[in-house]
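Biologist: I'd like to learn how to read a model like this one. Could you walk me through it, feature by feature?

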Number of protein chains: 2
Amino acid sequence: MDLKDLVFNKALEAKEGAIEARRLSSDLKNTLLVEMADSFIKRANEIISENQKDVQAAEKKGLSKAMIDRLTLTRSRIEEMSKGLVEVAQLADPVGEITKMWKRPNGMMVGKMRVPIGVIGIIYESRPNVTADATSLCFKSGNAVILRGGSEAINSNKILVSIMRSILKENNLKEGIITYIDTTDREAINEMLKLDCLIDLIIPRGGEGLIRTVVENSRIPVLKHYKGVCHVYVDNEADLKMAEDICFNAKVQRPGTCNAMETMLVHKDISKDFLPKMAKRFIDSKVQLKGCKESCSILEGIELAQEEDYYKEYLDLVLNIKIVADIDEAMNHISKYSSSHSDAIVTKNYSKAMTFLKEVDSSAVFVNASTRLNDGYQFGLGAEIGISTDKIHARGPMGLEELTSTKFIVFGDGQLRT
Amino acid sequence: MDLKDLVFNKALEAKEGAIEARRLSSDLKNTLLVEMADSFIKRANEIISENQKDVQAAEKKGLSKAMIDRLTLTRSRIEEMSKGLVEVAQLADPVGEITKMWKRPNGMMVGKMRVPIGVIGIIYESRPNVTADATSLCFKSGNAVILRGGSEAINSNKILVSIMRSILKENNLKEGIITYIDTTDREAINEMLKLDCLIDLIIPRGGEGLIRTVVENSRIPVLKHYKGVCHVYVDNEADLKMAEDICFNAKVQRPGTCNAMETMLVHKDISKDFLPKMAKRFIDSKVQLKGCKESCSILEGIELAQEEDYYKEYLDLVLNIKIVADIDEAMNHISKYSSSHSDAIVTKNYSKAMTFLKEVDSSAVFVNASTRLNDGYQFGLGAEIGISTDKIHARGPMGLEELTSTKFIVFGDGQLRT
């Protein structure tokens, strides 16, 4: 069978699965998720042995230690994956929720009901736990999923998918509800992206290169996650101790994440008080500082930040520091350099807090809290399939609700259009 | 200047406009919409004279009467356009609405706030009133709009845009808030569709060919409106008089629209009672009937429907009639042939009504009401920019809310990620 047919048939299987998936009761979905979670534990040895094939191939190919670490499934990681499925089972089912309902002058009641999207395609890279995470969220929200994982993880992904499908089969459900494109041919992605007749949404999870390819080639709507260039603005009316803790947390707690701070903006009036103590704390934690001219004159010995540094997502212990004249200069800087992911203000002034909240156009805007809190679990969405930097359909952390659509429902008693 | 630069510069102008547009107060937006409306009336002669250039060119090219009619702006049509702007001014502004807010265990308050999307591209065909309608909705929802209208209407579109821009200018606002790509070169559309760095959403309005081109070439998210193949199922437990009125309305009231019925499904137990009277009413109104074998045996002399007829959007006084064994056969038929636009059941049975509402996966599902009611005005959204047949972001009639996105806002008092 040629590649085009292979991908088309897989997508067709998923589409048929979707028709069944959207009708499943919450109880049944929850039971099956728990069965899948149990099955991961029972069959952990099999998973580890398939995963070892991938790990050995990666070592042979000379992939980096970090890549191999991300690829490796240990017993404790399998337990975590299994726990993740049980947690998704415990979340509320969004399907069937009536989000609003109102009465029209002609007496008809019009409402909006949450419904599954249909077939969701997930295109991802090396971490095999995405296979379980993404599948559980799509399944819980009544969708079928069609997965295309990285070629380095193919054996791991196949065993995980086969375990989950066997639970579907045991329960006489269509296995197409969870479909895996089991070829390492990269062209499969392009074939997949043409099938807007069968696939309703694509969520790419991986580096910028993967996301760019998907956006450029997809006829299917894409929800994507570009980079996070995040800011904290420390106002002259900030509680400086709070500002220090927030900035430290935003940069240091986990610098490799998209919601970590990359540039700290500091009001000029408090810069001499605030910066030396703050800088010491950063330097003690091995953060490399780059400053604007003014901050370099306060903090001797730090590097001068270049224009291009303000656009960078370091994902590392590196931080730009810029002194600004006021909140307007801070907001203008954010408007120019921010990737509209997560931006924060620290201030005790009510009107500046409200101005910042309204004016800054980012997926999450914080007053007196760390940008690191931009996260589905932290926000209480229960779980997240990613943080969207798009403006269409979903912006910010995407939970189960974001994996649904709505339809209008109308209760009439004979209404006509006149 | 080459085409690529021309389109890029226009989009850049719109992007700069968007930064201003999202900050405008509701009061100012409403005032400006009313000023634009007044200006259309004051400058009606200019509009008509520019429009006449388009009409004459169209006549010279030998365009159809229907096309020329759609293109023509009379004084009364200008008054309607003007009234449309005033009506949009009277609608509630969705920007800034907090759709939810909740407290997290760490004390932070998390909310979702409606914000404008940014730059919305509208690609449309011959009707110049779209220029005013679409602009007013984008403007009211705090977005900048970049318009690309059909080449046949270019003079009409340009004068309408120039009138609206002059109101912006008089009020010292960026004219880029309303931007028109004033070239008839079709390649401009493709250039536009590449600019995902500047344009946030594309809404195509026109025939299937235009929409297909846009979907195949766009890197920007698209909200589209494909065809409507709509059904009414008359159950054996229907109030037959109500069913007759609903079916008649759904087919005859305005057959050229996307929410008109194309196939009537009738339960076998009432077909002999229902069909003869119903068919007479249709035939009296010049509806051409095509029936399944069983209906042809009840209604002598009507044509036999072919398999492909059930997929057709007639947009005309033509109707398929099919007799089904029960609600399941009706829903299976809908699942196979419907374009998931608007589908209705007529029944007095509670559980069948609820089953149909839940199971049928269309943008609007009706119990005991005409499919013709699937419309932004009828549903009370105030105005509509189209009826989305997509599942992402917006499904069904799109009003002002659907032209917004949301962002998360967080009120903290020092919360950190731990």
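**Domains, contact, sheet and core**

Modeller: Sure. Let's begin with the domains: chain A splits into domain 1 (3-225 + 397-410) and domain 2 (230-378). Keep in mind that this is a predicted model.

Biologist: How far apart do the C-alpha centres of domain 1 and domain 2 of chain A lie?

Modeller: They are 36 Å apart.

Biologist: Now the contact between the chains. How many residues does each chain give?

Modeller: Chain A gives 58 residues and chain B gives 58 residues. On the side of chain A that touches chain B, the elements with two or more residues include strand S2 (109-116), helix H10 (240-252), strand S13 (364-369) and strand S16 (404-415) of chain A.

Biologist: Which element gives the most to that side of chain A?

Modeller: S16(A), with 11 residues. By residue class, the side of chain A that touches chain B has 24 nonpolar, 17 polar and 17 charged.

Biologist: Next, sheets. What's the general idea for reading strand pairing?

Modeller: Strands of a sheet pair through backbone hydrogen bonds, in either a parallel or an antiparallel way. In this model, S16(A) pairs with strand S13 (residues 364-369) of chain B in the parallel sense, over 5 bridges. Look at Phe408(A): its bridge partner in S13(B) is Ala364(B).

Biologist: In what order do the strands of the open sheet run?

Modeller: There are 10 strands, in the order S1(A)-S2(A)-S16(A)-S13(B)-S12(B)-S7(B)-S8(B)-S11(B)-S9(B)-S10(B), with mixed pairing. Strand S1 (98-103) of chain A and strand S10 (303-304) of chain B stand at the edges; each has a single partner strand, so one side of each lacks a neighbour in the sheet. Elsewhere in the sheet, strand S9 (residues 288-291) and strand S11 (residues 318-324) of chain B pair in the parallel sense over 4 bridges, and Gly291(B) stands opposite Ile321(B) in S11(B).

Biologist: And which helices pack on the sheet?

Modeller: Helix H10 (residues 240-252) of chain B is one of them; it touches S16 of chain A as well as S7, S8, S11, S12 and S13 of chain B, and its direction makes about 170° with that of S7(B). Helix H13 (residues 327-337) of chain B packs there too, touching S7, S8, S11 and S12 of chain B, at about 140° to the direction of S11(B).

Biologist: Last one: how do I read a core?

Modeller: In soluble globular proteins, nonpolar side chains tend to be buried together. The largest nonpolar core here has 130 residues, of which Val145(A) and Val145(B) touch the most other members. Leaving aside residues up to four places away in sequence, Val145(A) touches residues including Ile120(A), Ile122(A), Phe139(A) and Ile178(A). A second, separate core has 52 residues, among them Val232(A), Met278(A), Ala353(A) and Leu373(A).

Notes. Residues are numbered from 1 along each chain as its sequence is written. Chains are lettered from A and ligands numbered from 1 in the order in which they are written. This is a predicted model: local features need pLDDT of at least 70, side-chain atom pairs count only at pLDDT 80 or more; totals for chains, interfaces and linings use all residues. A nonpolar core is a set of buried Ala, Val, Leu, Ile, Met, Phe, Trp, Tyr and Cys residues joined through C-beta atoms within 7 Å. A residue is buried if 20 or more other C-beta atoms lie within 10 Å of its own, exposed if 12 or fewer, and partly exposed in between; C-beta atoms are placed from the backbone. Two residues are in contact if their C-beta atoms, placed from the backbone, lie within 7 Å. Ala, Val, Leu, Ile, Met, Phe, Trp, Tyr, Cys and Pro count as nonpolar, Asp, Glu, Lys and Arg as charged, and the others, Gly among them, as polar. Two strands pair if DSSP finds at least two bridges between them. Domain bounds come from an automatic or database domain assignment. Axes are lines fitted to C-alpha atoms, for helices over the stretch in contact, and angles run from 0 to 180 degrees between N-to-C directions.
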